[in-house]
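Student: I would like to go through this structure by asking about it piece by piece. Where should we start?

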Amino acid sequence: MTSCPALPDGFDLTDPDLYAHRVPLPEFALLRRTAPVSWIPQPHGLAGFADDGYWAVTRHADVRWVSARPEVFSSALNTSVIRFHPSIRGEQIDAQKLMMLNMDPPEHTRVRQIVQRGFTPRAVRSLEGALRARARAIVAAARERGSGDFVADIACELPLQAIAELIGIPQHDRARIFDWTNKMIAYDDPELAVTEETGTRSAAELIAYAMDLAAARGARPAADIVSRLVAAEGEGNLRSDEFGFFVLMLAVAGNETTRNAISHGMHAFLAHPEQWELYRRERPATAAEEIVRWATPVVSFQRTATCDTELGGVRIAKGHRVGLFYASANHDPEVFEDPGTFDITRDPNPHLGFGGGGPHFCLGKSLAVLEIGLVFDAIADAAPGIRQAGEPRRLRSAWLNGIKELRVTYGP
C-alpha cells in the first residue's frame, strides 16, 4: 500500500468530525504533491464495508480518468457513498443500488436516458420565469424579517421549490421533503439528534411518497415530468420503485447540494466584499460556476475497482474502494491559477463540482446553475446590503460540505 508518510497517523479524509470544522485543503495539497493516489487505512468495517480502508484520489486529472471508466471503477459494487455508519447492514447498502447514482452501464444508461427528458434545455428554460418569481419572493420575505438564518430563509427554499416545480410535487408538501432529506443526510451530526434508524425511515417515507405519486400519474397522466417518466408509452418508463429512488436522489443531489452551494456562495461573497460589489454591478455569467468550484458541496464519491488496475503509477487491487475527492481536484494548481482565490470572473473554469465527467456527470447542472444565478440576482436587487452576523455553523458529514446555519442581517 502507498500511504502518505507526511499525514498524521490515523488521519482519515472521510472523518465527519473533520468536516464539522473545515475541508482539509492543506492535507489535500500535501497528497497532490507527495502521494496523489494514496492508501488511507481505516479500522475494519468503520465505513460500513468489510474492508480496511480506501484509496484517496486527489489530482484533477486522476479524478477525471476514474470517472470516465465505469467498467474499471464501479459505482454499483459498493455504491457511491464513501462512508456509511458502521452499523449499516449489507441489505441496506444493496437497497441503494436502485438509485441511478449507484448504477453502472448498461442499467445506468437505460435509466438516465429516461430521466434526462426532464432536464432538457427546453425543460429547464420553461422553469426560469416561475423560479425567478419564486427567488424574488423568497428574498423579499427574508428582507422583510430584517435578519435571520440565511440557510433556512433563502438557501434551502429555491432548490426545494424547483424540485417541486420540476416533478409536480405540490408546493405544500415541500416541508415534508425538506424534513425527510435533512434526516437522511444528518445522522452523522449529533446536534441534530437524528439516528441512523430515523434516517433510514425518512428515506423509506420519501420513496413511498414518490411511488404513490408515480402510481397516481400512471393511472391518470398529467402535464408534468412524473407522467413523462412513468407513463411514457413506447419510450420506456421507470418502474414505481425506480421513480421513488430517482426522487430520493433528487432530494439529496438536487436539493442538498444546491442549497449548500448557495450557502457557501453567500459566505464567500460576505468574506470577499469586493467580489460582491463586482457581482452587484456586473452580474457575470461565470459567477455560478465559481461558486460551485469554491463550495464543492459533495466532497467525495467513491468507486470500486472491478479488476486489478493501475492509477497514477499505483497498483489498485480488485475490490478496493477508491475515493474521488472533488474538493481537492477543484484546488489543483495544475488546472486552476491561484485556486485559493474566490474569483467570480474565473474563465475557463473546468471544476469538478458537478462530477468528473463520464456517465455520472450531474444531470441537473443547468438547473443548479440557473437557481444559483436567480438567487444571487434577487439578493443583489432586494438585499444588496446583506451582512454576516455570525460564523457559519458546519454540518458534521463524511461526504457533504454543508453549512447548517449562517446568521445574517438582510439590510442596513
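Tutor: Start with one residue: leaving aside neighbours within four places in sequence, Asn260 is in contact (heavy atoms within 4.5 Å) with Ala295, Pro297, Asn401, Gly402 and Ile403. This is a predicted model, in which local features need pLDDT of at least 70, side-chain atom pairs count only at pLDDT 80 or more, and totals for chains, interfaces and linings use all residues. Residues are numbered from 1 along each chain as its sequence is written, and side-chain values use heavy atoms, with hydrogens and water left out.

Student: Does Asn260 count as buried or exposed?

Tutor: Buried means under 20% relative accessible area, exposed over 50%, and partly exposed in between, with a 1.4 Å probe and protein chains only. Asn260 lies in helix 12. Its relative accessibility is 2%, so Asn260 counts as buried.

Student: How are helix 12 and helix 14 oriented to each other?

Tutor: Helices (H or I, at least four residues) and strands (E, at least two) are DSSP runs, numbered from the N terminus. The axes of helix 12 (residues 240-271) and helix 14 (residues 287-295) come within 9 Å and cross at roughly 95°; axes are lines fitted to C-alpha atoms, for helices over the stretch in contact, and angles run from 0 to 180 degrees between N-to-C directions. Angles under 35 degrees count as roughly parallel, over 145 as roughly antiparallel, 65 to 115 as roughly perpendicular and the rest as oblique. Helix 12 and helix 14 are therefore roughly perpendicular.

Student: Which residues of helix 14 meet helix 12?

Tutor: From helix 12 the contact takes in Asn260, Ala261, His264, Gly265, Ala268 and Phe269. On the helix 14 side, the residues are Ile291, Trp294 and Ala295.

Student: Which strands stand at the edges of the open sheet with the order 4-12-9?

Tutor: Three strands form this sheet, with antiparallel pairing; two strands pair if DSSP finds at least two bridges between them. Each edge strand has a single partner strand, so one side of each is left without a neighbour in the sheet. The edge strands are strand 4 (147-149) and strand 9 (387-388).

Student: Which residue in strand 12 is the bridge partner of Asp149?

Tutor: Strand 4 and strand 12 (residues 407-409) run antiparallel and are joined by three bridges. The partner of Asp149 in strand 12 is Arg407.

Student: What share of the 412 residues of the chain counts as buried?

Tutor: The chain comes to 16 helices and 12 strands, and its C-alpha trace spans about 55 × 55 × 40 Å along its principal axes. The share of its residues that counts as buried is 58%.
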